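Please open the model in a viewer and keep the selection tool at hand. The tour proceeds stop by stop, each with a selection to make and a description of what is found there.

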Amino acid sequence: MSGPRRVVGRGAVTPAVLAAAAFTALAALASVAFVTARGGLELPVAATIAPPVAVASPAATAAASPGSPVPSASVMPPQSAAPSTTAVPTPVPVPTPGPSGPPDPLAALPACPGHPGCYLYTVVRGDSYTVVSDRFGIGLWIMNALNPEVANKGIIVVGQTLYLGHDPMARLDPCPDASCHLYVVRAGDTLSTIAGRYGLGVAGIEALNPALDPTRLVAGQVIRLPLYSGS
């Protein structure tokens, strides 16, 4: 008959469990001694720095509160652009083109004293009324009006002075109010010959001289003539 059997209850500690616990304790002591010998346990820098905590500003807190008005965003005024340092070229004035065509050849002649638009010309060899008229672009009837003292227009001599211009009345004196011209009657003049000489109408001359008797013109008499219209 065998001896009494040892019954192990559920709450009893076996030698194997004790051995395992002892080994675990020794391993823990060895780990602590190893870490202590190495200067302690080093943790990562990132783990030791606490993350920043966002703190809501009072304005943001008030805006987040129910029923509070939402503050409008501030609008910054636009900044003016910095002045440009690029040099702006100075505009060059464009000259206005002059009148087309060749210059007036009369401008090269000496002017008649006290009579604008009247010029003095000295006859040279080979000249005639027609040649001078064509050279200076003047109508023969205007040359006749400017030179009434030349009795025979077909005969001019070298050195003779002719009066030239584009206005048949360029040799006449103006009226005091500059509204007409003064004409000194020559021997043999009539209103018709005077009107024809200057391209005028008889009625226009009579209108400026209401007291004039056209049948009794006297040499040296001064009468008024209308201005030349250029037609």
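The lining of the largest pocket comprises eight nonpolar residues, three charged residues and no polar ones. The model under inspection is predicted. To display this lining, select A145, L146, P148, E149, P168, R171, L172, Y183, V184, R186 and Y198. The space that the largest pocket encloses is about 170 Å³. Next, colour α5 (140–146) and β4 (180–184), each of which supplies at least two residues of the lining.

Remain at the pocket and restrict the selection to two of its lining residues, R171 and E149. Their side chains form a salt bridge, with an N to O distance of 3.0 Å. This pair links distant parts of the chain, 22 residues apart: R171 lies in the loop between β2 (161–164) and β3 (173–174), and E149 in the loop between α5 and β2. R171 counts as partly exposed at 27% relative accessibility, and E149 likewise counts as partly exposed, at 41%.

The structure holds three salt bridges. Side chains of opposite charge can pair when their charged atoms come close. For another of these bridges, select R135 and D127, whose closest N and O atoms are 2.8 Å apart. Is R135 buried or partly exposed? R135 is partly exposed, because its relative accessible area of 40% falls between the limits of 20% and 50%. Its partner D127 is buried, with a relative accessible area of 11%.

Then move to R197 and D189, which also form a salt bridge, the closest N and O atoms being 3.1 Å apart. Here D189 is buried, at a relative accessible area of 10%.

The final stops concern the disulfides, of which the structure holds two. Select C112 and C118 to see a disulfide with an S to S distance of 2.1 Å. The link between C112 and C118 is left-handed, with -55 degrees about the S-S bond. C112 has a relative accessible area of 8% and is buried; C118 is buried as well, with a relative accessible area of 2%.

Now select C175 and C180, joined by a disulfide with an S to S distance of 1.8 Å. Which handedness does the disulfide of C175 and C180 have? It is left-handed, because the torsion about the S-S bond of C175 and C180 is about -115 degrees. Both of these cysteines, C175 and C180, are buried.

To close, display the bonded cysteines together: numbered in sequence order, they pair as 1-2, 3-4.

Methods. Residues numbered from 1 in each chain as written. Predicted model: local features only at pLDDT ≥ 70, side-chain atom pairs only at ≥ 80, totals over all residues. Heavy atoms only, no water. Disulfide = S-S within 2.5 Å. Buried < 20%, exposed > 50% of the residue type's maximum accessible area, 1.4 Å probe, protein only. 1 Å grid on protein atoms, 1.4 Å probe; cavity = no way out; pocket = protein on both sides within 12 Å on 5 of 7 lines; lining within 4 Å. Points joined across faces, edges and corners; volume = space filled by probe spheres on them. Helix = DSSP H or I, 4+ residues; strand = E, 2+ residues; numbered from the N terminus. Nonpolar A, V, L, I, M, F, W, Y, C, P; charged D, E, K, R; others polar. Salt bridge = Lys/Arg side-chain N within 4 Å of Asp/Glu carboxyl O.
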